[in-house]
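Q: Could you take a close look at one part of this model for me and walk me through how it is put together? I work with structures every day, so please spell out the cut-offs as you go.

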Amino acid sequence: MATGDATPFLPERKSLTALRAAAAGCRGCHLHEPATQTVFGEGRKRSRVMLVGEMPGDREDREGHPFVGPAGRELDAALERVRIARDEVYITNVVKHFKFEERGKRRIHQTPRKGEVDACLPWLRAELDVVRPEVLVILGATAGKALCGSGFRLGAARGRPLESELAPVVMATIHPAAILRARDDEARAAERRAFVADLEAVAEALASR
Ligand code: SF4
C-alpha cells in the first residue's frame, strides 16, 4: 500500500538546484515528521557515476549531506582504493529522510517500507534524468529493489553489469553499512575486500568507456 507520493512537490524546472530546494519542503510521506531535514543527493550535474544507497542515517540527518557518517567513510576509502574521484561521483539515496526508532538517546535506523520507497522515488528518477550517469551503482538491496523491482537479489546481482535501461552500465554491490555490521574483524575485512572488488569492476567499466 502506498503511503504517499513526492510527485506534487517536484518543481517544474528540473535542475539539481531546483530539485534540491523543492525536496527540502517535501511532505510526500510521513517520514519528514520526525527527521531533521531532507538529505538530497550531491555531486555535479553530468557526473559520470551515480551511487544510490538506501536512505540517510543519523549523522546524515543531522548534517544534511549523504554518506558523511561511518558508512560514508567506508565508501570514501573504497573509492580512493579504486581511484574513482569523489568529484566524479553523484551520491544519493532512494529515500531522502531518515527513518528511525528512538531507544533512549539513540536513534536506530529502520529499513524503509516499500510504500515509503515508492513515495520518494520521483526524486531519484528526477536526479537520474538530470545527471544521466554513464555508470549507475546500486548500493544494497533496498536500492536494488527500488530500481530493478522486487525480484532483485543482491547476491546474484553484485559485481557485474545488469540488464537495465536506467543507465548505459548498471552494477550493484553491498551498502557500505553492511561492512560495519559484520560480526567480527575477519568478516569485516572480507566484506571490505569484496566491496572494493565490486567497485574495481565499476572503475574498469568507467575506464573502458
Ligand atoms: S521520504 Fe521522500 S517522499 Fe517522504 S517526505 Fe521525505 S523526501 Fe518526501
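A: Happy to: here is the sheet, followed by what lies across it and two features beside that story. The model is predicted, so local features need pLDDT of at least 70 and side-chain atom pairs count only at pLDDT 80 or more, while totals for chains, interfaces and linings use all residues. Residues are numbered from 1 along each chain as its sequence is written, and side-chain values use heavy atoms, without hydrogens or water.

The sheet is open and has four strands (DSSP runs of E, at least two residues, numbered from the N terminus) in the order S2-S1-S5-S6, with parallel pairing. Pairing here takes at least two DSSP bridges between two strands. At the edges sit S2 (89-93) and S6 (169-173), each paired on one side only. From one strand to the next, the twist averages 20 degrees; axes are lines fitted to C-alpha atoms, for helices over the stretch in contact, with angles from 0 to 180 degrees between N-to-C directions.

Zooming in on S1 (residues 49-53), five bridges join this strand to S2, and the two run parallel. Gly53 has Asn93 in S2 as its bridge partner.

Two helices (DSSP runs of H or I, at least four residues) lie across these strands, with contact meaning heavy atoms within 4.5 Å. Helix H4 (residues 114-131) lies across S1, S2 and S5 (135-139), at about 170 degrees to S1. Helix H5 (residues 141-148) lies across S1 and S5, and runs at about 130 degrees to S5.

The antiparallel case is the pair of S3 (residues 100-103) and S4 (residues 106-109), held by four bridges. Phe100 is the bridge partner of His109 in S4. Two residues lie between the strands of this hairpin, where Gly104 has a positive phi near 65 degrees.

Lastly, the residues surrounding the ligand (a heavy atom within 4 Å of it) include Cys26, His32, Lys96, Ala119, Cys120 and Trp123.
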